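Reader: I would like to learn how to read a model like this one. Could we go feature by feature?

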Amino acid sequence: MKEKLATRVKQLKPSATLAVNAKAKSLKAKGIDIINLSAGEPDFDTPDHIKTAAIKAIEEGFTRYTPVPGIPELREAIVSRLAEDYGLTYKPEEVVVSCGAKQALFNLAQALFEPGDEVLILAPYWVSYPPIVELAGAKPVIVPSSRENNFEPRIEDIAKAITPKTKGIILNSPSNPTGQIYSRKFMEELASLLKEKGLVIISDDIYDKLRFDGHGPENILTVAPDLKDQTIMVNGVSKTYAMTGWRIGWAIGPEDIIKAVSKIQGQSTSNATSVAQKAALEALVGPQDCVAEMCTSFKRRAKLLYDEITKIPGLSLPEPKGTFYAFIDFSSYYGKKAPSGQEIRDSLGICEYLLEEAKVATVPGVAFGDDRCLRISFASADEDIKQGIARIAEALSKLG
Ligand SMILES: *Cc1c(COP(=O)(O)O)cnc(C)c1O
């Protein structure tokens, strides 16, 4: 039946992370002690008061369809939290709730992009941006950056990538996979370029609360509020409140775009799960100390990881400033040989070697558009981070 598949799926590149993931799982199934530093989600459990709100919703029979763009009280809570956290004023009609930030991004791409459009994506980028753009028929245009510049692209490289076909740009800071936050100067210069070119800006703010400098959330609109009519913000409860499985995210932006997203969602998934919406409501309006506690933990683990990694010869990384990821340059080991004789050639090669030799799972940088690096997650117990890095150091020392 393979020949019957649509071109769109035939062209879709399989995730480069899948091979490693499958291997990690099969090793684990064989009883091998794998330390998993590849996780893309918090290791904490959803806070109790949030779970209780969902249980109550079920018991009260809140189990039917809701309005497609979300229950009114959740859309209001999103607007209130945005006002409190960002100082930005929106109406509930400018919010659509989706099945995770990922669906919000997917819907936005469907609503905004089409064949002939180009969309700028700043590398290293979140794995799903290019396929989401491609599934809308548009072309992702990748703008590179360098480790030396803390993975911040140069404004002139972004300007050079803009053509008459460029329709939009996707931003993500704090960033998955780099753990970096774009500087104020970069954001200001970028804002003035994007204003001049009139591009649609999708600001993926999913890690906005997970920053280690004690600063409140910041994005392109806090830097340049005059970009409001060309910007859509995407966020959700997954990372901030340890709620990845609940699948609640949203988009906030100009009402005509939000209506278009609702129309698309109304013909695909309809509303996000009713009881998960109630849980997300409690997350936003309930006590916020859980967020600060988790952030403090991530900050401590970031430091632990950074201190241990920087002791290993040949590895380099900018110190993580937020999220729960470090993006580490392993390229000084490329060209070396494993004890088996196998040569390490790229990020997939080093990742597979570390999995086999050190029994540590990481994610190859090629999946994020930078083949020199590996992404290592510190959403793991301190002991796992320490042991995992010790094992990596030992495995690297065997390369010659
Ligand atoms: C996890 C993640 C998302 C998706 O979040 P969900 O709300 O769980 O769909 C979007 N963008 C980035 C950068 C992420 O890391």
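**Reading the model, feature by feature**

Author: Start with a loop residue: Asn 271 is buried, with a relative accessible area of 11%. Keep in mind that this is a predicted model.

Reader: In which loop is Asn 271 found?

Author: Asn 271 sits in the loop between α10 (255–266) and α11 (274–285).

Reader: What does the side chain of Asn 271 reach?

Author: A polar contact is a pair of N or O atoms within 3.5 Å. Here the side chain of Asn 271 reaches the backbone nitrogen of Thr 66 at 3.2 Å.

Reader: Take another loop residue, Phe 62. Is Phe 62 buried or partly exposed?

Author: Buried means under 20% relative accessible area, and exposed means over 50%. Phe 62 has 26%, so it counts as partly exposed. Phe 62 lies in the loop between α3 (48–59) and α4 (72–86).

Reader: How many residues separate Phe 62 and Val 275 along the chain?

Author: They are 213 residues apart along the chain. Yet the C-alpha atoms of Phe 62 and Val 275 are separated by 6.5 Å.

Reader: Now the ligand. Which residues come nearest?

Author: The shell has 13 residues, and Ala 101, Asp 204, Tyr 207, Ser 238 and Lys 239 come nearest to the ligand. By type, the shell divides into 5 nonpolar, 4 polar and 4 charged residues. Helix α5 (residues 100–112) gives the most to this shell, with 3 residues.

Reader: Which polar atoms should I look at?

Author: Go residue by residue.
A polar backbone atom of Ala 101 is 2.7 Å from an oxygen atom of the ligand.
For Asp 204, an N or O atom in the side chain is 2.6 Å from a nitrogen atom of the ligand.
Tyr 207 has a polar side-chain atom that lies 2.6 Å from an oxygen atom of the ligand.

Reader: How much of the accessible area of the ligand does the protein cover?

Author: On its own, the ligand has 380 Å² of accessible area, and the protein covers 94% of it.

Reader: On to strands. How do I read the surroundings of strand β3?

Author: Check the cover, then the two faces. In β3 (residues 118–122), 5 of 5 residues are buried. Glu 118, Leu 120 and Leu 122 point one way, while Val 119 and Ile 121 point the other way. All of these are buried.

Reader: Which strand is joined to β3, and in what sense?

Author: Strand β4 (residues 139–143) is joined to β3 by 5 bridges, and the two run parallel. As one pair across the two strands, Ile 121 stands opposite Ile 142 in β4.

Reader: What is the strand order in the open sheet of 3 strands?

Author: Read the order as β9-β12-β11, with antiparallel pairing. The edge strands are β9 (325–329) and β11 (363–364), each of which pairs on one side only. Between β9 and β12 (residues 373–377) there are 5 bridges in the antiparallel sense. There, Ile 328 stands opposite Leu 374 in β12.

Reader: How many disulfides does a search of the whole structure find?

Author: The search finds 0. A disulfide needs two cysteine sulfur atoms within 2.5 Å. For Cys 290, the closest cysteine sulfur is in Cys 295, 12 Å away, so it is too far for a bond. Cys 290 is buried, at 11% relative accessible area. Cys 295 is buried as well, at 10%.

Reader: What should I look for in the backbone angles?

Author: Look for exceptions. Most residues other than glycine have a negative phi, and most peptide bonds are trans.

Reader: Which residues join in cis peptide bonds here?

Author: One cis bond joins Ser 173 and Pro 174, with omega about 0 degrees. Another joins Asn 176 and Pro 177, with omega about 25 degrees. Pro 174 is in the loop between β5 (166–172) and α8 (184–197). Pro 177 is also found in the loop between β5 and α8.

Reader: And what is the phi of Thr 323?

Author: Thr 323 is not a glycine, but its phi is positive, about 60 degrees. Thr 323 lies in the loop between α12 (289–309) and β9. Its relative accessible area is 0%, so Thr 323 is buried.

Reader: Where is Lys 359 placed?

Author: Lys 359 is in the loop between α13 (347–358) and β10 (360–361). Lys 359 also has a positive phi of about 60 degrees, although it is not a glycine. At 25% relative accessibility, Lys 359 counts as partly exposed.

Terms used
Residues numbered from 1 in each chain as written. Predicted model: local features only at pLDDT ≥ 70, side-chain atom pairs only at ≥ 80, totals over all residues. Heavy atoms only, no water. Near = heavy atom within 4 Å. Polar contact = N/O pair within 3.5 Å; in protein donor to acceptor, adjacent residues only side chain to side chain. Areas by Shrake-Rupley, 256 points an atom, 1.4 Å probe, with all protein chains shown as cover. Helix = DSSP H or I, 4+ residues; strand = E, 2+ residues; numbered from the N terminus. Nonpolar A, V, L, I, M, F, W, Y, C, P; charged D, E, K, R; others polar. Buried < 20%, exposed > 50% of the residue type's maximum accessible area, 1.4 Å probe, protein only. Pairing = 2+ DSSP bridges.
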